[in-house]
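Me: I've got this one open on my screen and I'd like to go through some of the labels people put on it. Can you take me through the reasoning behind each?

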Amino acid sequence: MDNFCMKMNGITKIVCAAAVALVLAGCSRKQNAEEAEKTTQSEETTEMSAEEIARQEAEAQAQKEAAERDAAITAFVDSLSFREAASQLFLVNLQGNEDFAPVEFEDGRAMIPGGYIFFSFNVASSPEKIIGFTDSIASYCEENALVPPYLSIDQEGGLVNRLRGITSSVPSCRTIAANYSEAEAAELYESQARQLSLLGFHLNLAPVTEAAVDENREFLGTRSYGDAETVKKYAAIAVRAYQKNGIGTVLKHFPGNTNTDPHSGLPEIKATDELLSEMVVEPFRAVIQNGNPSAILMSHARTSAHDGDKPACFSHYWISDMLRGELAFQGLIFSDDIFMAALEKNGYPPEKAVILAIEAGVDCIMLSEKRFTSVLDVLEKKATEDSSFLARIKESARRVIRFKIESNILGVEKAETEMGETITKIVPVAHKNAQERLSAFVLEKQKGDSCVK
């Protein structure tokens, strides 16, 4: 019995030792696994940190470059005379269609507005002549050390088609919404944008972003894509297509129109705030967020819901509170043509209209005339008397210069001073070879033609 007990004690000791060994081995494996996991997590954390550091460094560099660009823009605008800076706020018509010739001079120096708008009579008979004309504008400004203008055109499509017979056909907004898929519409607009860019344009006064309702359907006709949801979709497609191919876009007309033609009368929008939000504000909001347009064009309509006593282009509510505030829009804000009868017949001659528009927050004053310097006299007098008005002029001039940089009309470059300091300055960008652009245009038009149904 004693021998049996002794044997059992020995076996028990062996079993216990084995059990302890197994437990220790398990603990060791667990510890090794935990350490391995910690090592892996540490490596991943290090890797993620490196990516995060790289991202933060890229963001910091972008912010630094943006700050340098903004400082250069401010310095550039400050270096201009008042009349040169204020000229940046005007979009006017121009003379001829083949060789550029300024129509206004002061002290022997041509007065060039911020931008020119091409009407049908400014469009030459061939792509070659159009390229020659747009190049002549840039060349004149370069030779005379003048700030080059941006060149704009109304190329909505359908009835509003200044380049009919030159570029590929552009159907009306209504036709595109009804007959083109989103991909087909994007392809058509992208080709049209490339054609406009090759011809020398920078800005298309399109698309119409108003939803068609009974109150404006007769006036807008085929210029609207349709109901609010359709407008949100197709206007954003148009904006993205143009913007990514070098052509700025202008959403119009905010905050809407009626069936009264603003060329002859003042539209009165009686819609409630809720209806305006649904049919006008929300489509514009969606396209701003999804398309990032360069500009928005104000209508001359009065809205009984807000600032009912004044046209929208003079309304602090629609411009400063809504567009700049609620919709957080940072681009250019245009007035519609301030020579329209809708304004002058209702007590707003151009000299009065231009002051009210700028005070409300408009950046660019559209004039269907070829001359604008008489309006500069009005602005200069007001700016001399009111420092806050002068600040508004410079704020808008900076926005115009920023748009010209984004449109590759002006560039930002580093330069070294005589003291060895590096500065950032604004310089004109040389235009590309005309013959190369013409050849590229011919090929692009062939592509564009194949997009049209």
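Reply: Sure. This is a predicted model. Let's begin with a strand: S4 is joined to strand S5 (residues 150-153) by four bridges, and the two run parallel.

Me: What makes S4 and S5 count as a pair?

Reply: Pairing takes at least two bridges, and S4 and S5 have four, so they qualify. One of the matches is Ile117 with its bridge partner Ser152 in S5. To get from S4 to S5 the chain passes through helix H3 (residues 127-143), and this β-α-β crossover is right-handed.

Me: And how do you know that strand S1 pairs with S4?

Reply: Strand S1 (residues 90-92) and S4 share two bridges in the parallel sense. The rule asks for at least two, so this is a pair as well. Val92 has Tyr116 in S4 as its bridge partner.

Me: Which way do the residues of S4 point?

Reply: Gly115 and Ile117 point one way, Tyr116 and Phe118 the other, and all are buried.

Me: Let's move to rings. Why is the pair Phe314 and Tyr348 called tilted?

Reply: By the ring rule there are 13 aromatic pairs. In this one the ring centres are 5.0 Å apart, and pairing needs them within 6.5 Å, so the two rings pair. Their planes sit at 55 degrees; stacked is under 30 degrees and edge-to-face is over 60, so tilted is what remains.

Me: What does that pair tie together?

Reply: Phe314 is in the loop between strand S12 (302-303) and helix H9 (316-326), while Tyr348 is in the loop between helix H10 (341-344) and helix H11 (350-360), so the pair ties together parts 34 residues apart in sequence.

Me: Are Phe314 and Tyr348 buried or exposed?

Reply: Buried means under 20% relative accessible area. Phe314 has 4%, so it is buried. Tyr348 has 11%, so Tyr348 is buried too.

Me: Why is Thr260 called partly exposed, then?

Reply: Its relative accessibility is 33%, which falls between the 20% limit for buried and the 50% limit for exposed, so partly exposed is the label. Thr260 is in the loop between strand S9 (248-254) and strand S10 (268-269). Leaving aside neighbours within four places in sequence, Thr260 is in contact with Gly265, Leu266 and Pro267.

Me: What makes Lys453 a charge over a ring?

Reply: Lys453 lies over the face of Tyr180, at 5.2 Å from the ring centre. The distance limit is 6 Å, so Lys453 meets it.

Note on methods
Residues numbered from 1 in each chain as written. Predicted model: local features only at pLDDT ≥ 70, side-chain atom pairs only at ≥ 80, totals over all residues. Heavy atoms only, no water. Buried < 20%, exposed > 50% of the residue type's maximum accessible area, 1.4 Å probe, protein only. Contact = heavy atoms within 4.5 Å. Phe/Tyr/Trp six-rings, centres within 6.5 Å; stacked < 30°, edge-to-face > 60°. Lys NZ or Arg CZ within 6 Å of the ring centre and 35° of its normal. Right-handed = clockwise from strand over helix to strand, strands pointing away.
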